[in-house]
Amino acid sequence: MSIRIYVPKDAAVRSIGADLVALAIEAESARRGLSIDIVRNGTRGALWLEPMVEVETNEGRVAYGPVTVADVDSLFDSSFHTGGRHKLSLGLTEDIAWLARQDRVTFARVGVIDPLSLADYQEHGGLVGLRRALTLQQEEIVTEVTQSGLRGRGGAGFPAGIKWRTVMATASDQKFICCNADEGDSGTFADRMLMEGDPFTLLEGMTIAGLAVGATEAVVYIRSEYPAAYATVNQAIKLARAFGWLGENVLGSGRAFNIRTRLGGGSYVCGEETAMLESIEGKRGVVRSKPPLPAIFGLFGKPTVINNVLTLATVPAILADGADAYMARGVGRSVGTQVFQLAGNIARGGIVETAFGVTLGELVNDFGAGTLSGLPLRAVQVGGPLGAYLPVSSLNVSMDYESLLAAGGMLGHGGVVVFDESVDMAQQAKFAMEFCAVESCGKCTPCRLGSTRGAETILKIMNGEDVQGNKKLLLDLCEVMTDGSLCAMGGLTPLPVRSAMLHFNEDFDRRARA
Amino acid sequence: MLFTPWSSQAASAVLDATCEKPGPVLISLQALQNEFGYVPKEAVEMVAKACNVSRADVHGVLTFYHDLRTSPPPKNSVRICVAEACQSVGSRKLVEDAEKVFGTQMEESNDDIELKPVYCLGNCALGPSAMVDGELIGRATANDLHHLVKAKS
């Protein structure tokens, strides 16, 4: 029997040499006359151990990492292909503490299965949720999702079931499901990893959403910076169609459901749901005024469910295991699990899926093991470029929607970006404004003009020009942008700016004295 | 990357495949760029006709999206992530180094090479990140990028 060896194909792992490792393993096994079968799985998410190679043994999967091409020879010499010890041995994958401490629901299969094998997918619980949904009434599916407490993982945290109910209750000849896979926030990569590592889960969630609200057409809008995710999702759609899942007769039920993909154009604001709709319609990605809500007047004017990748990818587990199992996790109104992404200057970065309520300190210090540089930690930006910069004194904050809001931040898409003491927070504040100026759709004035004026004002502060006066002006401007912008782009850009001023004032005042 | 030299006949064939789809303007422009490497100004009127929208609409879309370009691409393209997660591990330094190694400035372009900023490549735990002709590079140094470009050209 041939030996099964897993080498991740995830773009992040390929970016540090996974393809060369896979080639070297293949060549070396051929040289030694061994019969091996290389599976290109997604990543388990422990990016600090990647490229992590796994070997299937009778005891379970045994891991080695981080593996470089130079290690391959000695791995074979140590009989790693039968689970032999080596200096890179990590033991059984499921026993690696960093992974064992997590609670994987949405990411249960990512890194475990061959992403494009429907056989693997079903062996690991795939399609159970959809098969159950096919036996339920629309109302029952929506109720199950509502009762699970699942909230939108894109950032806004709106209850998914309530959104679905609005679309279900709105009569129309055509409705749409749109998956927002325009994951543009720096420090986030969970959508990408899920699409590359377990794309069928996303398709299953979308199909269930379609059954629930009565939609037969769906679109996945994927950013162009993710070419591998785009290719994988397209391939998964093709396979699901050939399998008799997608198409005019979903798993023999007589119900129709079709999914297509759209590639973004390199615009951050198209991650805003109404700008995304405009972009799917082929137009400039300009934000729409709300109301009307997309649930009533969405894609091409039809009722549309818009959910983030992680939201939709969590639905199959809720349908398979029931709402109660999901809502047993978490704290307060933040129920279930959140897929946190540890990023930036962090020693052990990657995906940490765990119940809401873990503290920021546990994520950064226990899982993350502090900064990569070894210098003291100074700031953590939670929730992407529109999220707050939090100081070390905030590390005890509970990571849930409400607690972060109370701490002056936001959860966003679950990105956690760590900075060491070399960071200049005035420069970070200026960048937030500059980023907004580059990416603003231009529709509303506070965002379009405010961002440029904001960057100019912070530059003046950095140059020591009337520091107190310009700081006051900047706060005024932040207020106008917060209250007067049409969407979160202009409305939340002040969050990193204000939090930097609040918690790291010395970086703004330093120049006045200098 | 190899592209078809621009011709209006070849462009018509591309547009035939996209203009009937719902919301056709952006995908038509993307398809033209895939084929020719860029969208020449003269394509605007063709797209407008094929999609039954105004030239202003097409111009608006063409100039909105960072990905779309109206001049031929250089032989190699290097995009360096300049967003927060990569900043925290030295992307500002990477940009400076890359400008020196390649002898060109960010957002400048010649026939051989262009350096462009990109806001997040989704590789935020392995930064600083860059993309060379569509290939993602983690823990990037300017020398890595330079070697890779030399290997590709």
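# Strands, burial and contacts in chains A and B

Colleague: In strand β9 of chain A, which residue is the bridge partner of N180(A)?

Modeller: The partner of N180(A) in β9(A) is N308(A). The model is predicted, and local features need pLDDT of at least 70, side-chain atom pairs count only at pLDDT 80 or more, while totals for chains, interfaces and linings use all residues. Residues are numbered from 1 along each chain as its sequence is written, with chains lettered from A and ligands numbered from 1 in the order in which they are written.

Colleague: What makes β6(A) and β9(A) a pair of strands?

Modeller: Two strands pair if DSSP finds at least two bridges between them, and helices (H or I, at least four residues) and strands (E, at least two) are DSSP runs, numbered from the N terminus. Between β6(A) and β9(A), residues 304–308, there are five bridges, in the parallel sense. The requirement is therefore met. Strand β6(A) also pairs in the parallel sense with β7(A), residues 217–222, over six bridges, and there N180(A) has Y221(A) as its bridge partner.

Colleague: Why is β6(A) called largely enclosed?

Modeller: A residue is buried if 20 or more other C-beta atoms lie within 10 Å of its own, exposed if 12 or fewer, and partly exposed in between, with C-beta atoms placed from the backbone. Six of the six residues of β6(A), residues 176–181, are buried, so the rest of the structure largely encloses this strand. In a regular strand the side chains alternate between the two faces of the sheet. For β6(A), one side holds F176(A), C178(A) and N180(A), the other I177(A), C179(A) and A181(A), and all are buried.

Colleague: How do you know that helix α8(A) is mostly covered, and what covers its buried residues?

Modeller: Seven of the ten residues of α8(A), residues 160–169, are buried, among them W164(A), V167(A) and M168(A). The covering elements include α7 (138–148), α10 (199–213), β9 and α13 (309–321) of chain A.

Colleague: What makes β13(A) and β15(A) edge strands?

Modeller: Each of them pairs on one side only. They belong to an open sheet of five strands with mixed pairing and the order β13-β12-β16-β14-β15 in chain A, in which the twist averages 30 degrees from one strand to the next. Here axes are lines fitted to C-alpha atoms, for helices over the stretch in contact, and angles run from 0 to 180 degrees between N-to-C directions. Strand β14(A), residues 377–382, runs antiparallel to β15(A) and is joined to it by three bridges; A379(A) stands opposite P391(A).

Colleague: Which strands form the open sheet of chain B, and how does α6(B) lie on it?

Modeller: The order is β2-β1-β3-β4, with mixed pairing; β2(B), residues 113–118, and β4(B) are the edge strands. Six bridges join β1(B), residues 76–81, to β2(B) in parallel, and S77(B) has E114(B) as its bridge partner. Helix α6(B), residues 91–102, packs on this sheet and touches β1(B) and β2(B), with its direction at about 160 degrees to that of β1(B).

Colleague: How do you know where the domains of chain B lie?

Modeller: Domain bounds come from an automatic or database domain assignment. In chain B this gives domain 1 (8–64) and domain 2 (76–152), whose centres, taken over C-alpha atoms, are 30 Å apart.

Colleague: How many residues does each chain give to the contact between chains A and B?

Modeller: Chain B gives 34 residues and chain A gives 47, where two residues are in contact if their C-beta atoms, placed from the backbone, lie within 7 Å. On the side of chain B, the elements that give two or more residues are α2 (24–36), α4 (55–64), α5 (84–87) and β4 (135–137); α2(B) contributes the largest share, five residues.

Colleague: What is the division of the residues on that side of chain B into nonpolar, polar and charged?

Modeller: Ala, Val, Leu, Ile, Met, Phe, Trp, Tyr, Cys and Pro count as nonpolar, Asp, Glu, Lys and Arg as charged, and the others, Gly among them, as polar. By that rule, the side of chain B that touches chain A has 21 nonpolar, ten polar and three charged residues.
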